[in-house]
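Here is a set of short questions and answers on one structure. Look at the sequence and the coordinates before reading on.

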There are 2 protein chains.
Amino acid sequence: MSSADPDFAIVGLGLIGGSIARDLAALGATVAAFDADPATLDDACTAGVVRRPLPASLAGAGCARAVVIAVPVTAAPGVLLGLRSQLRTDTLVTDVGSTKQSIEHAALRQGMGEQFVGSHPLAGDHRAGWSASRPGLFRSTRAFVCPSPRARNDVVQAALDLWRTLGAQPTLTTAAEHDRQLAWTSHLPQSVAYLLAAAIARSRADRDWLGPGGRDTMRLAASPPELWTGIALDNAAALGHALAAFRRCTADLEQALADGDEARVRELFDTARQWYCGG
Amino acid sequence: MSSADPDFAIVGLGLIGGSIARDLAALGATVAAFDADPATLDDACTAGVVRRPLPASLAGAGCARAVVIAVPVTAAPGVLLGLRSQLRTDTLVTDVGSTKQSIEHAALRQGMGEQFVGSHPLAGDHRAGWSASRPGLFRSTRAFVCPSPRARNDVVQAALDLWRTLGAQPTLTTAAEHDRQLAWTSHLPQSVAYLLAAAIARSRADRDWLGPGGRDTMRLAASPPELWTGIALDNAAALGHALAAFRRCTADLEQALADGDEARVRELFDTARQWYCGG
């Protein structure tokens, strides 16, 4: 690595990529970055966060110590393709998407399995974009780290170190296990927030009659639909399975209400509270 | 009203009743109160919030300027029964429950229609009990005020004044309209939070893998199941209708995911976001 090489190359300066760039720059690292929105890239350079703006070809990204792909999951495989011809063999390639199997498959297909380690920090938010990015976003959050089956130990360590540097607690797992579990703990709640808002919208109920509880339950409905359409389709099988199970629970409650079956309603609510409160 | 009569009598010193008592006492009013838990009543007296503890018979409550029933919706009709024989005709009787038709019917049945005005402040929370009650809980919140069809104008005004005194913004409506709308904007979100937690509990997913978004979506699952079992059953027809519509939305999303139909997934998420963000 020449002294002119950047320490990190970040592709996409949204909430996650922008926050990573801010923290790394604050720690003194040289950050190179690209964003499809020229104004965002300008802002990040003016703020002193990005030292080297990258062109759309990403030329120059491949000689960084680590490349972080922080674009929507549907766009991430295309970024890998752009990097392939220029990557140094000791560079860690990671991403931050909410699904981990499709990007891993893309990395393996492109012969980048040895240096690819998928990541997913649980720091998502209903806000989005560079303007929502901020220092310290990852402090004390969990970051899933999913090494490809071919990943070298040194790049796995580099991925773990990166998240620790950002203050996150890395959890090692596989891409398959990640996607199976996150279908339940993230993609299902996100989908349900959208479904709840969509169902109420169709009912023409008065939005002003929402209380603080209802608003919180649907807070994720403010999340960017384009981002989540991609995630939902990318994990369609596992999410579909979770949605079907959830729909059966809903039908159970409807039946219990129709029957006036107090014990059954109560049991369902008790199970829920006990699990949520960690009992 | 003799000078020895309390200004307000509050039955139930939970989150809502306790917070009302705190605010009224802070404004210099004489508060009489009963709570089924003797320790709670003792605490409220020791804190100087309740000046007159009431017995289980509620003897003495009926000569207050206003009686506020702040017990679970299933217990509220029984409180009306206890008050009936001792009520002065100029006393406002109100409640704070999340359903408004059943308590109004009970008031009418017991010949208390002229002085009964149902209330429902949108200040509920997943926390409960006297220990969760606090000053200023109603500041800037909406309070639905549902006069019985026979209510006299002076008691309606007294109910509106009470909520304004507590800092809330009263919204006049009918019990039927309240229950129909709140099935969508409150009882459905609450039920969905329980259903989401129950479905994930059954899946045996790892609770530690929840992110901040998933946790917020299910925050209401920490609410007291006994309270919400009563509310759900008390508004079973309207809530069942809302749950069925919501379940059909869920099935739509499952189908769109199974078909890989990006446009349909996106349209659903867009509808949701637009409604939630007030677009």
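The questions go from the pair of chains to single residues.

This is a predicted model, in which local features need pLDDT of at least 70, side-chain atom pairs count only at pLDDT 80 or more, and totals for chains, interfaces and linings use all residues. Residues are numbered from 1 along each chain as its sequence is written, chains are lettered from A and ligands numbered from 1 in the order in which they are written, and side-chain values use heavy atoms, with hydrogens and water left out.

Q: By what turn can chain A be laid on chain B?
A: Copies are superposed by least squares on the C-alpha atoms of residues with pLDDT of at least 70 in both. The RMSD is then 0.0 Å, and the shift along the axis is 0.0 Å. The two copies are thus related as by a two-fold rotation axis. The turn is 180°.

Q: In chain A, which residue has the C-alpha nearest the axis?
A: The axis is the one that lays chain A on chain B. The C-alpha in question is 2.1 Å from the axis. It belongs to Thr217(A).

Q: What percentage of the contact residues of chain A recur in chain B?
A: Contact means heavy atoms within 4.5 Å. The same surface serves both copies. The share that recurs is 100%.

Q: What is the radius of gyration of chain A?
A: The radius is taken over C-alpha atoms, and the globule rule is 2.2 Å times the number of residues to the power 0.38. For 279 residues the rule gives 19 Å. Chain A is close to that, so it is as compact as a globular protein of that length. Its radius of gyration is 21 Å.

Q: How many helices and strands are there in chain A?
A: Both are DSSP runs numbered from the N terminus: helices are H or I with at least four residues, strands are E with at least two. On that basis, chain A has 10 helices and eight strands.

Q: What percentage of the residues in chain A are buried?
A: Buried means under 20% relative accessible area, exposed over 50%, and partly exposed in between (1.4 Å probe, protein chains only). Chain A has 279 residues. The buried share is 57%.

Q: Among contacts in chain A between residues at least 6 apart in sequence, what percentage join residues at least 24 apart?
A: The count leaves out pairs under 6 apart in sequence. Of the contacts kept, those joining residues at least 24 apart make up 70%.

Q: Which residue in the loop between strand 6 and strand 7 of chain A has a positive phi although it is not a glycine?
A: Most residues other than glycine have a negative phi, and most peptide bonds are trans. Here phi is about 65°. The loop runs between strand 6 (117-121) and strand 7 (142-147), and the residue is exposed at 55% relative accessible area. It is Ser140(A).

Q: Is Leu220(B) buried or exposed?
A: Leu220(B) sits in the loop between helix 7 (212-217) and helix 8 (225-234) of chain B. Leaving aside neighbours within four places in sequence, its contacts include Gly213(A), Gly214(A) and Thr217(A) from chain A, and His126(B) and Pro189(B) from chain B. Its relative accessible area is 7%. Leu220(B) is buried.

Q: What separates the C-alpha atoms of Ala236(B) and Ala76(B)?
A: Ala236(B) belongs to helix 9 (residues 236-258) of chain B, and is buried at 18% relative accessible area. Along the chain, Ala236(B) and Ala76(B) are 160 residues apart. In space, their C-alpha atoms are separated by 17 Å.
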